[in-house]
Number of protein chains: 2
Amino acid sequence: MTNTKSFTGVLSPVLTPFAPDLSPDTERFVSHCRWLLEQGVSGLAVFGTTSEANSLSVGERMQLLDALVAEGISPDLLMPGTGCCSLTDTVQLTSHAVQNGCGGVLLLPPFYYKAVNEDGLFAHIAEVIERVDDDRLRIYLYHFPAIAVVCYSLDLIERLIKVYPSIVIGLKDSSGDWSNTESVLKQFPGLDVFPGSEVFLLPAMRAGGAGCITATANVNAAAIRNLYDRWQTPEAEMLQGDVSSLRKMIDGYPMIPALKQIIAHFRSDPSWCALRPPLVALSDAQVQSLLADLEQKKFALAA
Amino acid sequence: MTNTKSFTGVLSPVLTPFAPDLSPDTERFVSHCRWLLEQGVSGLAVFGTTSEANSLSVGERMQLLDALVAEGISPDLLMPGTGCCSLTDTVQLTSHAVQNGCGGVLLLPPFYYKAVNEDGLFAHIAEVIERVDDDRLRIYLYHFPAIAVVCYSLDLIERLIKVYPSIVIGLKDSSGDWSNTESVLKQFPGLDVFPGSEVFLLPAMRAGGAGCITATANVNAAAIRNLYDRWQTPEAEMLQGDVSSLRKMIDGYPMIPALKQIIAHFRSDPSWCALRPPLVALSDAQVQSLLADLEQKKFALAA
């Protein structure tokens with residue numbers, strides 16, 4: 001059975017809430033995923049950078065995914081991050097995702113060794129694909145130079161989609177560099193390209209993009225979805241301006257602590273502030289400043 | 001029971017041999033560890049960068065460590081790398097090492113998130129120490145800016161040894177920057193400091209260092225150990241020149257593939273060349289060139 005549906009629209013890389021002992025808080029996680037779907041996200045990119053996924057063990061990630069599926073979230077809507085430094089970890093997580101019927105996986109390159117040559121990166125991803133050995137596998141490459149350092153270059157993307165055209169079908173570009181996104185869109189028109197920020201949603205759609213996968217969907221999904229739905233209308237520029245304005249404001253703070261703080265505040269649920277180290281909560285001064293900034297804005301969570 | 005012995009001398013970050021299916025080759029691993037000890041290394045820094053440890057799963061690392069102990073390698077001599085991106089992985093590996101009686105652990109900082117603040121790095125390591133909760137724990141900080149990117153700054157080292165003076169007792173400096181090693185040695189005279197290359201062994205010993213932890217010990221341990229033993233003799237400069245010369249030659253190649261190639265060649269055991277992607281074997285031209293370069297040199301493995 002081959003999965004023929006691919007993702008489009010606005011996906012949220014889902015924040016991972018933690019209990020006071022820093023174990024993943026499954027109940028709040030499932031409930032947040034449900035809320036995001038109600039807000040109009042077309043997919044849940046669980047276990048991304050925003051999710052502190054690399055601060056979790058492989059077992060913790062699999063348990064959370066199992067819980068989502070057990071709670072009735074359609075696996076079609078899930079695009080878990082599965083790319084680890086270790087070949088065996090990546091294979092285990094990717095197989096687990098496919099066996100659960102996930103619509104796709106978001107794949108970081110192996111990110112420990114730096115300055116590795118592209119033959120090695122290609123060999124790693126090829127090995128993952130061969131070992132998972134399932135024609136339902138759909139890979140979205142996760143390009144995030146500032147954090148992963150190891151990158152998907154245009155050459156590497158080209159090699160991968162040439163050899164695995166029905167498997168390597170998309171890319172999330174978290175470079176924050178529109179010229180890179182534009183190059184990928186131009187060079188690979190068949191690839192489903194998602195910029196990693198809604199700031200680029202309208203330009204991406206105009207250039208043939210598939211949508212966006214953006215951290216701030218955790219707090220502003222409805223407005224970003226509205227922009228996606230209306231990108232060909234006369235209001236598009238205005239809607240883009242609105243979502244960009246909120247995004248740029250939040251970008252003035254450490255993103256993950258800020259998003260957790262916003263959710264904690266508007267849900268009156270301080271437990272949402274918990275982060276796994278090395279991430280740290282906002283300082284009191286940052287919280288004050290963030291909340292004051294937010295008063296100027298309208299967005300989904302505050303509505 | 002408190003472990004009072006700390007490491008000094010020459011430690012080898014042990015290469016991990018792989019079977020054709022890229023699973024760890026336990027038999028060759030144990031046998032290589034035994035050979036390194038016969039060659040005079042005073043400790044085995046298994047599961048470091050040289051070991052492709054971040055290309056292994058947590059389970060694979062624990063199985064290899066269990067095998068070493070089961071095969072009678074004294075755990076006192078083991079300094080496994082246990083620092084992962086994930087808090088829970090690091091705690092699991094560190095606890096496992098301590099429970100096996102390992103002399104210490106070599107701790108990478110959590111290396112996924114970049115530009116994290118030092119409070120977060122401190123909190124991560126503090127959390128690991130509190131969770132392992134065993135007074136036998138001995139931590140050697142693993143500073144490797146080119147690969148881990150996330151660093152142990154002088155300020156962070158100071159905070160850690162102030163709060164955990166009997167636990168955070170050493171540091172491996174793989175910066176390749178002698179001025180950094182010198183600063184650490186000067187500022188923290190009680191810390192056991194190991195440069196990450198034998199090129200700095202003599203200057204380190206003269207400045208109060210504890211020895212070195214160096215990848216090339218995998219092929220040249222006896223000579224490096226000889227320099228360590230005789231660092232206060234008139235021959236020290238000459239011995240330093242010899243080991244540095246070999247090291248600098250090997251530094252002209254990708255280190256891990258080159259070391260595996262050297263072992264494969266001199267043991268007539270081509271299976272030693274296997275690497276997990278993203279690392280790749282030397283090209284034929286590189287192999288020819290490396291072997292030609294080696295003909296000019298005398299070193300332990302060739303003897």
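This is a short dialogue on reading a predicted model, taking chain A, its contact with chain B and one helix pair in turn.

Me: How many helices and strands are there in chain A?
Reply: Chain A has 12 helices and 7 strands.

Me: What does the radius of gyration say about chain A?
Reply: The value is set against that of a compact globule, which for 303 residues would be near 19 Å; chain A has 18 Å, so the two agree. Along the principal axes, the C-alpha atoms of chain A fill a box of roughly 50 × 50 × 40 Å. Of the 303 residues, 52% count as buried. Among contacts in chain A with a separation of 6 or more, 70% join residues 24 or more positions apart.

Me: How many residues does each chain give to the contact between chain A and chain B?
Reply: An interface is often sized by the accessible area lost when the parts come together. Here the count is by residues: 31 from chain B and 31 from chain A. On the chain B side, the elements giving two or more residues are H3 (87-99), H4 (118-132) and H5 (145-148). H4(B) supplies the largest share, 6 residues. By class, that side has 17 nonpolar, 8 polar and 6 charged residues.

Me: How do H1 (residues 26-38) and H2 (residues 58-70) of chain A cross?
Reply: Their axes come within 10 Å and cross at roughly 55 degrees. An angle between 35 and 65 degrees counts as oblique, and H1(A) and H2(A) are therefore oblique to each other. The crossing is right-handed. H1(A) contributes A:Thr26, A:Phe29, A:Val30 and A:Cys33 to the contact, and H2(A) contributes A:Leu64, A:Ala67 and A:Leu68. These comprise 6 nonpolar residues, 1 polar and no charged.

Methods
Residues are numbered from 1 along each chain as its sequence is written. Chains are lettered from A and ligands numbered from 1 in the order in which they are written. This is a predicted model: local features need pLDDT of at least 70, side-chain atom pairs count only at pLDDT 80 or more; totals for chains, interfaces and linings use all residues. Helices (H or I, at least four residues) and strands (E, at least two) are DSSP runs, numbered from the N terminus. The radius of gyration is taken over C-alpha atoms; the globule rule is 2.2 Å times the number of residues to the power 0.38. A residue is buried if 20 or more other C-beta atoms lie within 10 Å of its own, exposed if 12 or fewer, and partly exposed in between; C-beta atoms are placed from the backbone. Two residues are in contact if their C-beta atoms, placed from the backbone, lie within 7 Å. Ala, Val, Leu, Ile, Met, Phe, Trp, Tyr, Cys and Pro count as nonpolar, Asp, Glu, Lys and Arg as charged, and the others, Gly among them, as polar. Axes are lines fitted to C-alpha atoms, for helices over the stretch in contact, and angles run from 0 to 180 degrees between N-to-C directions. Angles under 35 degrees count as roughly parallel, over 145 as roughly antiparallel, 65 to 115 as roughly perpendicular and the rest as oblique. A crossing is left-handed if the near helix is turned anticlockwise from the far one by less than a right angle, and right-handed if clockwise.
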